[in-house]
Amino acid sequence: MNKIIFRSYKEPIRENITWNERWKGSDKGLIMCWEVGRNLQQKRPELAELALNNELPVLGWKGGVNKKLTKEKYGSLNYLAQWQALRGEDLNIDISKEYVLVCSKTQMQVTFTNDTQKILE
């Protein structure tokens with residue numbers, strides 16, 4: 001079952017929303033993470049530049065890499081949402097899928113998933 005979370009970059013960042021609206025809605029907090037990424041894009045343009053260069057910088061969610069590991073790495077969809085915003089992209093994530101990205105700096109492959117068991121490994 002596809003469950004796509006989409007929000008256009010043209011839409012304003014939400015204001016005056018409750019904690020439950022941010023984290024417990026049907027989007028599972030992905031819109032909030034994406035909005036934080038939009039703010040980071042303005043406040044930390046060097047992070048935005050890294051993301052635009054297909055790097056996976058260390059952020060507040062699991063998924064960023066600063067060196068190549070010998071084992072498989074998983075990251076959260078929250079990271080992916082923030083990364084999309086850093087790149088100036090629309091939020092566009094199907095929470096039923098996994099996404100594989102390779103960091104251009106470290107060549108580390110990261111699988112972004114909604115499966116918390118994989119993320120915690």
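**Notebook: salt bridges, cysteines and a pocket**

I began with the charged pairs, and the count of salt bridges comes to six. I note at the outset that I am working from a predicted model, so every entry below reads computed values from that model.

**Entry 1, Arg7 and its partners.** I looked up Arg7 and found that it forms a salt bridge with Glu35, with 3.9 Å between the closest N and O atoms. That value sits inside the cut-off, because a salt bridge asks for a side-chain nitrogen of Lys or Arg within 4 Å of a carboxyl oxygen of Asp or Glu. The pair links distant parts of the chain, since Arg7 belongs to strand β1 (residues 4-7) and Glu35 to helix α2 (residues 30-43), 28 residues apart. I then asked myself whether each partner is buried or exposed. Arg7 counts as buried at 14% relative accessibility, and Glu35 is buried too, with a relative accessible area of 2%. Following the contacts further, I found that Arg7 and Glu35 are linked with Glu11 and Arg14 in a network of salt bridges.

**Entry 2, Lys118 and Glu98.** Next I turned to Lys118, which forms a salt bridge with Glu98, the closest N and O atoms being 2.7 Å apart. Which parts of the chain does this pair tie together? Lys118 lies in helix α5, whereas Glu98 is in the loop between β3 (91-94) and β4 (99-102), so the pair joins parts that are 20 residues apart in sequence. For accessibility, I noted Lys118 as partly exposed at 25% and Glu98 as partly exposed with a relative accessible area of 39%.

**Entry 3, Glu89 and Arg87.** I also recorded the salt bridge between Glu89 and Arg87, where the closest N and O atoms are 2.9 Å apart. Glu89 counts as partly exposed, at 27% relative accessibility.

**Entry 4, Asp94.** I looked at Asp94 as well, and I placed it in strand β3. Asp94 is buried, with a relative accessible area of 4%. I checked its separation from Lys62, which is 32 residues away along the chain, and the C-alpha atoms of the two are 18 Å apart.

**Entry 5, the cysteines.** How many disulfides does the structure hold? I found zero. The reason is distance: the sulfur of Cys33 is 20 Å from the closest cysteine sulfur, in Cys103, which is too far for a bond, because a disulfide needs the two sulfur atoms within 2.5 Å. Looking from the other side, I saw that Cys103 is in no disulfide, its nearest cysteine sulfur being that of Cys33. As for accessibility, Cys33 is buried, with a relative accessible area of 1%, and Cys103 counts as buried at 1% relative accessibility.

**Entry 6, the largest pocket.** Last, I looked for open space, and the largest pocket has a volume of about 240 Å³. Its lining is made up of Trp23, Lys28, Leu30, Trp61, Ser76, Leu77, Asn78, Ile95, Thr113, Asn114, Thr116 and Ile119. I asked which elements give two or more residues to this lining, and they are α4 (77-86) and α5 (116-120). Sorting the lining by class, I recorded six nonpolar, five polar and one charged residues.

Conventions:
Residues numbered from 1 in each chain as written. Predicted model: local features only at pLDDT ≥ 70, side-chain atom pairs only at ≥ 80, totals over all residues. Heavy atoms only, no water. Buried < 20%, exposed > 50% of the residue type's maximum accessible area, 1.4 Å probe, protein only. 1 Å grid on protein atoms, 1.4 Å probe; cavity = no way out; pocket = protein on both sides within 12 Å on 5 of 7 lines; lining within 4 Å. Points joined across faces, edges and corners; volume = space filled by probe spheres on them. Nonpolar A, V, L, I, M, F, W, Y, C, P; charged D, E, K, R; others polar.
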